[in-house]
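Student: Mind walking me through this one? I'd like to start with the charged pairs and then look at a buried spot.

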Amino acid sequence: MNISVSVGDDLVFNILIFFLVKSLLRFRCVCKRWRCMISDPSFVEAHQSRSATTLLVSSFDDRSHDRKRTLYTINPSINEGEIRCLSEFCNWSISRSVNGLVCIYEQYPAESHRVRLFNPCTREYVNLPPPIFSGRDSSKQVYNLGFDPSTKTYKILRSWIGNWSDCTYEIFTLGSDSLWRIVKDNPKVVLDTKGVCLNGTIYWTKDIGIQNRTIIMAFNVGEEKFRSVPAPPTDPMWGFKTSRMIQMGGHIAIVDYQEVAGRISNVMIIWKLEDSLNGIWSHKRFCCRNL
């Protein structure tokens, strides 16, 4: 006598999150119910919270005369690690990661400007339409990936810097937009670096050379508006090679290692943004001991 056993979705969910991505890709073919479950954002979030991270690394090839940029994926969950070269993405740049996804974009040739939302774990991607401003008159472009947790929406912000150092910002909403849109709220600041997205806001540090100071800018992904964030009270002079913006314990933080880089002392300072609206910062000093 055949006995059929029904397994609830909650139990299947809690079992599947322990499998590797490679296995989950096969499991999507079991049935439509499993495919929908594995593709659901809540499953993706639960799986990412307990699984090892797949790294996406960009590297220049010094052996070639034109120093081609190559992308690699690194899977640390496999014994001794697994490295794959993504040869199809030669001379593509990457944004910072948000929920395991990145925006990758072609820098050369100048008239191409292909853009994709990419999942390094599954190697799946979504092609985005060409931006509004493109062609050889573009001197630089930077893409930042943002996520609005209130609507579970991903948006891609593009900074387009023309020959006269003027900056135009374009935005694309995944799932609802068919074309790029120009951001109406222009901060009049050239944000030409990769920002950090946290809790629905993208943050940047920007050196203002003429004024000899550094400012912090923020972009609300949901409202699509820029604002400035008050800097720490001591206003340290951060430089590209002597500081780094990171996420730390659910907060934006800036690691200031200019004294270590300049061999002035062995002290690094980490500034943590406790309240972005009121500009409340805390800081700790760390001594770098010789290993």
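Tutor: Sure. A salt bridge here is a side-chain nitrogen of Lys or Arg within 4 Å of a carboxyl oxygen of Asp or Glu. Keep in mind that this is a predicted model.

Student: How far apart, N to O, are the side chains of Glu-274 and Lys-272 in their salt bridge?

Tutor: The cut-off is 4 Å. The side chains of Glu-274 and Lys-272 meet in a salt bridge, with an N to O distance of 3.8 Å.

Student: Is Glu-106, the salt-bridge partner of Arg-114, buried or exposed?

Tutor: Arg-114 and Glu-106 have their closest N and O atoms 2.9 Å apart. Arg-114 is partly exposed at 40% relative accessibility. Buried means under 20%, and Glu-106 has a relative accessible area of 7%, so Glu-106 is buried.

Student: Which residues are linked with Asp-177 in a network of salt bridges?

Tutor: Start with Asp-177 and Arg-181, whose closest N and O atoms are 3.0 Å apart. Arg-181 is partly exposed, at 30% relative accessible area. The network links Asp-177 with Lys-155, Arg-181 and Glu-224.

Student: Now the buried spot. Which residue has its backbone nitrogen 2.6 Å from a polar atom of the Asn-144 side chain?

Tutor: Asn-144 is found in strand E8, residues 138–148. With a relative accessible area of 2%, Asn-144 is buried. Residues that Asn-144 touches include Lys-155, Thr-193, Gly-195 and Trp-204. The backbone nitrogen lying 2.6 Å from that polar side-chain atom belongs to Gly-195.

Note on methods. Residues are numbered from 1 along each chain as its sequence is written. This is a predicted model: local features need pLDDT of at least 70, side-chain atom pairs count only at pLDDT 80 or more; totals for chains, interfaces and linings use all residues. Side-chain values use heavy atoms; hydrogens and water are left out. Helices (H or I, at least four residues) and strands (E, at least two) are DSSP runs, numbered from the N terminus. Buried means under 20% relative accessible area, exposed over 50%, partly exposed in between (1.4 Å probe, protein chains only). A polar contact is a pair of N or O atoms within 3.5 Å; within protein, one must be able to donate a hydrogen and the other to accept it, and residues adjacent in sequence count only if both atoms are side-chain atoms. Contact means heavy atoms within 4.5 Å. Lists of a residue's contacts leave out its neighbours within four places in sequence.
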